[in-house]
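Open the model in a viewer and keep the selection tool at hand. The stops below go from one pair of residues outward to the whole chain.

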Amino acid sequence: MRLWQVSTGKCLYTWNFDTAVRRVAFSEDDKQVVQITEQRMGFQGAIRVFNINRQDSANRSKVTVIAFAKDSNTVVTGHESGKLALWDVRKGEEILTKERAHNDNITDLQFSPDRSYLITSSKDKSAKLHETKNLTPLKTYPTETPLNSAAIAPLRPYVLLGGGQEAMSVTTTSMRQGKFETRFWHKVFEEEVGRVKGHFGPINTIAVHPSGRSYASGGEDGFVRVHHFDENYFRARPYGDLGEVED
């Protein structure tokens with residue numbers, strides 16, 4: 001279901017549903033719209049009523065990622081426009097927003113173990129750390145290719161980034177040129193410290209085990225790879241004791 005501006009022919013907002021919309025109608029004051037969806041393919045038919053926010057409906061950006069913040073009453077969303085927002089779940093209201101947290105689509109959003117800060121990845125070829133309570137950017141990790149995922153290592157001062165050249169160009173690109181490795185960056189000093197190979201296409205998602213002793217990566221090549229960290233990973237001190245995680 002789409003809301004259009006008649007004078008310009010511009011689509012102001014789109015609602016997506018699992019089945020076809022059979023009928024729509026505006027309220028007398030034009031502040032709400034009601035619609036009916038079909039019962040089809042195992043989905044129940046439904047009647048839904050939506051409020052129309054005329055002030056910012058044209059400026060809304062599609063939500064691409066979401067996660068609960070420090071409690072079940074707030075969530076953080078990442079948007080197609082690069083916007084990052086903090087929401088009150090009970091009221092359905094936006095508490096705080098950073099319109100230009102990134103310069104392009106936010107592709108992933110993951111929290112630190114204590115949820116005091118989070119990391120985002122983006123098609124703008126960078127990942128960033130943000131403080132949860134005010135969404136203030138803390139660190140930036142720039143790369144040469146679009147990023148699809150970013151994760152925080154619990155036991156070590158590292159963040160893991162994954163992405164690579166767009167899938168449509170993969171057939172003409174070697175594995176090395178495509179940057180299909182998981183890239184490890186020092187969380188504090190914002191410097192790359194290592195890479196792990198394995199995929200033959202862009203990495204789409206990365207997840208670190210809560211124990212901090214392994215991680216999984218899923219790629220465009222159709223494989224999910226589980227990697228276990230060896231003892232050298234835990235003993236390495238590229239910057240001495242600076243920036244190390246305290247037990």
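Select Tyr 158 and His 186 to begin: Tyr 158 stands opposite His 186, which belongs to strand 16. The model is a predicted one.

Now extend the selection to the two strands. Strand 15 covers residues 158–163, and 4 bridges join it to strand 16 in an antiparallel arrangement.

Add strand 17, residues 192–196. Strand 16 is joined to strand 17 by 4 bridges, and these two strands also run antiparallel. For a pair to look at here, pick Phe 184 and Gly 194: Gly 194 of strand 17 is opposite Phe 184. Next, follow the backbone from strand 16 into strand 17, where the two form a hairpin with 5 residues between them. Stop in the turn at Glu 190, whose phi is positive, about 60 degrees.

Keep strand 16 selected and show the surrounding side chains. Is strand 16 enclosed or open to the outside? Residues 182–186 make up this strand, and because 5 of the 5 are buried, the strand is largely enclosed by the rest of the structure. Buried here means under 20% relative accessible area. Look at one face and then at the other: Thr 182, Phe 184 and His 186 lie on one side, Arg 183 and Trp 185 on the other, and all are buried.

Clear the selection and move to strands 6, 7, 8 and 9. They form an open sheet in the order 6-7-8-9, with antiparallel pairing. Strand 6 (63–68) and strand 9 (93–98) are the edges; each has a single partner strand, so one side of each has no neighbour in the sheet. On average, neighbouring strands of this sheet are turned by 25 degrees against each other, direction ignored.

Within this sheet, select residues 74–79 and 84–88. These are strand 7 and strand 8, which pair in the antiparallel sense over 5 bridges. Which residue is the bridge partner of Val 75 in strand 8? Select Trp 87, which is that partner.

Finally, zoom out to the whole chain. A cartoon view should show 2 helices and 21 strands. Along the principal axes, the C-alpha atoms fill a box of roughly 70 × 40 × 35 Å. Of the 247 residues, 40% count as buried. Switch to a surface: the chain exposes about 14500 Å², and carbon and sulfur atoms supply 50% of that area. Colour by charge to see 33 positive and 31 negative side chains; the centres of the two sets lie 3 Å apart.

Technical notes:
Residues numbered from 1 in each chain as written. Predicted model: local features only at pLDDT ≥ 70, side-chain atom pairs only at ≥ 80, totals over all residues. Heavy atoms only, no water. Buried < 20%, exposed > 50% of the residue type's maximum accessible area, 1.4 Å probe, protein only. Areas by Shrake-Rupley, 256 points an atom, 1.4 Å probe, with all protein chains shown as cover. Lys, Arg positive; Asp, Glu negative; His and termini not counted. Charge placed at Lys NZ, Arg CZ, Asp CG, Glu CD. Pairing = 2+ DSSP bridges. Axes fitted to C-alpha atoms, helices over the stretch in contact; angles between N-to-C directions.
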